[in-house]
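Please examine the sequence and the three-dimensional structure shown below. The paragraphs that follow lead the reader through them step by step.

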Number of protein chains: 2
Amino acid sequence: MTEAAADLTRNQALVYGALEKTGTPMSAYTILDELRDDGFRAPLQVYRALDKLVEQGLVHRLESLNAFVACRHASCHRGGFIAFAICDTCGQVSEFSDDALSRRLSGWAGKHSFKPSKTTIEIRGLCAGCSNA
Amino acid sequence: MTEAAADLTRNQALVYGALEKTGTPMSAYTILDELRDDGFRAPLQVYRALDKLVEQGLVHRLESLNAFVACRHASCHRGGFIAFAICDTCGQVSEFSDDALSRRLSGWAGKHSFKPSKTTIEIRGLCAGCSNA
DNA sequence: ATCTATATGTTATAGCGTAACAAATCTGAT
DNA sequence: ATCAGATTTGTTACGCTATAACATATAGAT
Ligand SMILES: [Zn+2]
Ligand SMILES: [Zn+2]
Ligand SMILES: [Zn+2]
Ligand SMILES: [Zn+2]
């Protein structure tokens, strides 16, 4: 567990720990199985913890995977939208945030009077390592 | 049914028709219910049709909604990535494709030797009409 | 002590998606 | 016409993802 995981409840800390230890995306049910020995019994225990962790930005939800991944950045919410590149072979996730990209999307929204609440940018494909294999 | 729906099988045409008639995103199960009177009985009948329709670009899958929407563009696959703005109140979906955006994402991929296969860009929020209400 | 708010536990259920197998239909040969 | 292969369709059963509803426990404030 790096730093950011301050004042987490027991369940939140366990879920965050599982995600961080694994490093790649996990489904809520995989997390549940991982935490059976720690007393977890029902999906809701996982989902509730995930809700808070996502809210705090410690964990990201990957929509195209229906899965969750621990954030690697110290603080990845400097305003801009976050993009994810997800390798379909090894599961590795790279987060990046591009100002030009964010401006482009915000620009479209502004021009069309659309008020964004949540933005998803996910590139599925093969990472450098896996495309050489 | 506009034009593009050429050489679709019966099931594909029915699913596409349902999506086009509704105009907003529909889940596979909603489509199924809509098509009971046409003889649909099982989810797979819908999913199989959707697979083909998505493959042909007539329908888009919205990852953040686990739902599907009929494409409004005559041909929206001129190479660039497609972005979707989805109103959480009225369900209206606006598709747009921005060259600068596409270049930006392709640029990141190139620089990191990441080979994209599928890209998801979805902005959830409120459309102009709904934020005035 | 009591009250309030938040976190947890537990059961049941709803919603999304596919595996596996069978039957029908369509196609393009001979 | 008919046969073989491919594609489409039908059907059952199942697995994965997510939440509703209700009960209990815990922590802090007065
Ligand atoms: Zn992050
Ligand atoms: Zn990889
Ligand atoms: Zn389109
Ligand atoms: Zn709207």
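What pattern does chain A follow when read along the sequence? Chain A follows the pattern α-α-α-β-β-β-β-α-β-α. The structure is a predicted model, in which local features need pLDDT of at least 70, side-chain atom pairs count only at pLDDT 80 or more, and totals for chains, interfaces and linings use all residues. Residues are numbered from 1 along each chain as its sequence is written, chains are lettered from A and ligands numbered from 1 in the order in which they are written, and side-chain values use heavy atoms, with hydrogens and water left out.

Chain A contains five helices and five strands. These elements are DSSP runs numbered from the N terminus, helices being H or I with at least four residues and strands being E with at least two. The C-alpha trace of chain A spans about 50 × 40 × 25 Å along its principal axes.

Helix packing within chain A may be considered next. Two packed helices are described by the angle between their axes and the distance between the axes. Axes are lines fitted to C-alpha atoms, for helices over the stretch in contact, and angles run from 0 to 180 degrees between N-to-C directions. In chain A, the axes of α1(A) and α3(A) cross at roughly 80 degrees and come within 9 Å. The pair is therefore roughly perpendicular; angles under 35 degrees count as roughly parallel, over 145 as roughly antiparallel, 65 to 115 as roughly perpendicular and the rest as oblique. On the side of α1(A), the contact involves A:Asn11, A:Gln12, A:Val15, A:Tyr16 and A:Leu19, and their partners in α3(A) include A:Gln45, A:Ala49 and A:Lys52. Contact here means heavy atoms within 4.5 Å. By class, this contact of α1(A) with α3(A) has seven nonpolar, four polar and one charged residues. In this classification Ala, Val, Leu, Ile, Met, Phe, Trp, Tyr, Cys and Pro count as nonpolar, Asp, Glu, Lys and Arg as charged, and the others, Gly among them, as polar.

Chain B has a corresponding pair of helices to examine. The axes of α1(B) and α3(B) are 9 Å apart, and the two helices pack at an angle of about 80 degrees. As a consequence, α1(B) is roughly perpendicular to α3(B). Residues of α1(B) in this contact include B:Asn11 and B:Tyr16, while α3(B) contributes, among others, B:Gln45 and B:Lys52. The contact of α1(B) with α3(B) comprises seven nonpolar, three polar and one charged residues.

The two chains also meet through a helix from each. Helix α4 (residues 99–111) of chain A and helix α4 (residues 99–111) of chain B have axes that come within 9 Å and cross at roughly 155 degrees. This angle makes α4(A) roughly antiparallel to α4(B). The crossing of α4(A) and α4(B) is left-handed, a term used if the near helix is turned anticlockwise from the far one by less than a right angle, with right-handed used if clockwise. A:Ala100, A:Leu101, A:Arg104 and A:Leu105 in α4(A) face B:Ala100, B:Leu101, B:Arg104 and B:Leu105 in α4(B) across this contact. Six nonpolar, no polar and two charged residues make up the contact of α4(A) with α4(B).Attention now turns to the DNA. Around DNA strand C there are 15 residues, of which A:Thr9, A:Gln45, A:Arg48, B:Tyr29 and B:Arg61 come nearest; a residue is near a molecule or strand if one of its heavy atoms lies within 4 Å of it. Sugar and phosphate account for 46% of the atoms of DNA strand C that come within 4 Å of the protein. The helices α1 (10–22) and α3 (43–56) of chain A and α3 (43–55) of chain B each supply at least two residues of this surface, and α3(A) gives the largest share, four residues. Several polar contacts, meaning pairs of N or O atoms within 3.5 Å, reach this strand. A polar side-chain atom of A:Arg48 lies 2.4 Å from a base nitrogen of DNA strand C. Phosphate oxygens of DNA strand C lie 3.4 Å from a side-chain N or O atom of A:Lys52 and 3.4 Å from a polar side-chain atom of B:Ser27.

For DNA strand D, the nearest of the 15 surrounding residues are A:Tyr29, A:Arg61, B:Thr9, B:Gln45 and B:Arg48. Of the atoms of DNA strand D within 4 Å of the protein, 43% belong to sugar or phosphate and the rest to bases. A side-chain N or O atom of B:Asn11 is 2.9 Å from a phosphate oxygen of this strand, and a polar side-chain atom of B:Lys52 lies 3.4 Å from a phosphate oxygen. The largest share of the surface near DNA strand D, four residues, comes from α3(B).

Methods:
A polar contact is a pair of N or O atoms within 3.5 Å; within protein, one must be able to donate a hydrogen and the other to accept it, and residues adjacent in sequence count only if both atoms are side-chain atoms.
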